[in-house]
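Biologist: I have a model on my screen and I'd like to learn how to read it. Please take me through it one feature at a time.

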Amino acid sequence: MKRIFCLLPLTFCLVVWAADNEQIQGQGGRVLRYSSTQVRVEPSSEDVRNYLQARDARLEGASAAAALQAGRKAFERLRYKRVVVDADYSVIRAEKDEALISEARQVLRGLLKLKFPLPGKPDHQTTEVLLTMRPGNQPRQMLLRANIRQTIWDSNGNSRTLLCSDQAVYRQLFDQLSDALARPN
């Protein structure tokens, strides 16, 4: 019994830390699952620092219309299925869904869950990008800013959303955009 009382302060500290780092909606019960849980994870200071270093780029030799067209092509090359271009505000919103495991594995897991209470495992991911553009200080220069969020869904329908701070992901997007601008076809 003493051990339990010794662990209570530690448990309380972990719960408080998790509450500061995550926003949770839709907690659907512990014993009887009646709803899914959506978690939005706040980025750490290191994630914010990496994001701030990666989010911006500059396109030289491009008008706003050409940059928007190149952005649409870049997203299509990166396999984004839903791409919406707002030419009035120079904004592109793109989204893609990816399976993290094979369909056969998903089916097998579903069958096993009928017999055994298994925890949820990540099975697919949604990536959302908001790309904004504005004219730079030089003629035919566009300044770009990207915000990429990834939501990972598990086999129980729960989700976890994070700000992408991987500089390689942003670099790949900006490289594809530059390439699409250089090759108009």
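Biologist: Let's start with charged side chains: how many salt bridges does the structure hold?

Modeller: The structure holds 7. A salt bridge here is a side-chain nitrogen of Lys or Arg within 4 Å of a carboxyl oxygen of Asp or Glu. Before we go on, this is a predicted model: local features need pLDDT of at least 70, side-chain atom pairs count only at pLDDT 80 or more, and totals for chains, interfaces and linings use all residues. Residues are numbered from 1 along each chain as its sequence is written, and side-chain values use heavy atoms, with hydrogens and water left out.

Biologist: Which residues are linked in a network of salt bridges?

Modeller: Arg55, Asp56 and Arg145 are linked that way. Asp56 meets Arg55 at 3.6 Å, N to O, and Asp56 also meets Arg145 at 2.7 Å, N to O. Arg145 sits in strand 7 and Asp56 in strand 3, so this pair ties together parts that are 89 residues apart in sequence. Helices (H or I, at least four residues) and strands (E, at least two) are DSSP runs, numbered from the N terminus.

Biologist: Are those three buried or exposed, and how do I tell?

Modeller: You go by relative accessible area: buried means under 20%, exposed over 50%, and partly exposed in between (1.4 Å probe, protein chains only). Arg55 has 19%, so Arg55 counts as buried. Asp56, at 36%, is partly exposed, and Arg145, at 37%, is partly exposed as well. Elsewhere, Asp179 and Arg183 form a salt bridge at 3.1 Å, N to O, with Asp179 partly exposed at 25%.

Biologist: Now the overall layout. How many helices and strands are there?

Modeller: The protein chain has 5 helices and 8 strands. Read along the sequence, they follow the pattern α-β-β-α-β-α-β-β-α-β-β-β-α. Of the chain's 185 residues, 30% count as buried.

Biologist: Let's pick one helix. What span should helix 3 have?

Modeller: The expected span of a helix is 1.5 Å times one less than its number of residues. Helix 3 has 14 residues (64-77), so it should span 20 Å, and its end C-alpha atoms are 20 Å apart, which agrees. Just past the helix comes Arg79, whose phi is positive, near 70°.

Biologist: Which residues of helix 3 are buried?

Modeller: An α-helix has 3.6 residues a turn, so residues three or four places apart point the same way. In helix 3 the buried residues are Ala67, Leu68, Ala70, Gly71, Lys73, Ala74 and Phe75. They pack against several elements, among them strand 5 (91-99), strand 6 (122-135) and helix 5 (167-182).

Biologist: Which residues of the largest nonpolar core touch the most other members?

Modeller: In soluble globular proteins, nonpolar side chains tend to be buried together. A nonpolar core is a set of buried Ala, Val, Leu, Ile, Met, Phe, Trp, Tyr and Cys residues joined through side-chain atoms within 4.5 Å. The largest one has 28 residues, and Phe75, Leu131, Met133, Tyr170 and Leu177 touch the most other members. Helix 2 (45-54), helix 3, strand 5, strand 6, strand 7 and helix 5 each give two or more residues to this core.

Biologist: What does Phe75 touch?

Modeller: Contact means heavy atoms within 4.5 Å. Not counting residues up to four places away in sequence, Phe75 touches Tyr80, Val83, Ile92, Ala94, Val129, Leu131 and Leu173. Now try Met133, which lies in strand 6 and counts as buried at 7% relative accessibility. Leaving aside neighbours within four places, the contacts of Met133 include Ala67, Leu68, Ile92 and Leu177. The C-alpha atoms of Met133 and Ser90 are separated by 5.3 Å, though the two are 43 residues apart along the chain.

Biologist: Last one, strands. Which side chains of strand 8 point to the buried face?

Modeller: In a regular strand the side chains alternate between the two faces of the sheet. In strand 8 (residues 159-163), Ser159, Thr161 and Leu163 point to one face and are buried, while Arg160 and Leu162 point to the other and are not.

Biologist: And which strands pair with strand 8?

Modeller: Two strands pair if DSSP finds at least two bridges between them. Strand 2 (residues 38-41) pairs with strand 8 in the parallel sense over 3 bridges, with Gln38 partnering Ser159. Strand 7 pairs with strand 8 in the antiparallel sense over 5 bridges, and there Trp153 stands opposite Ser159. Strands 7 and 8 form a hairpin with 4 residues between them, and Gly157 in the turn has a positive phi of about 90°.
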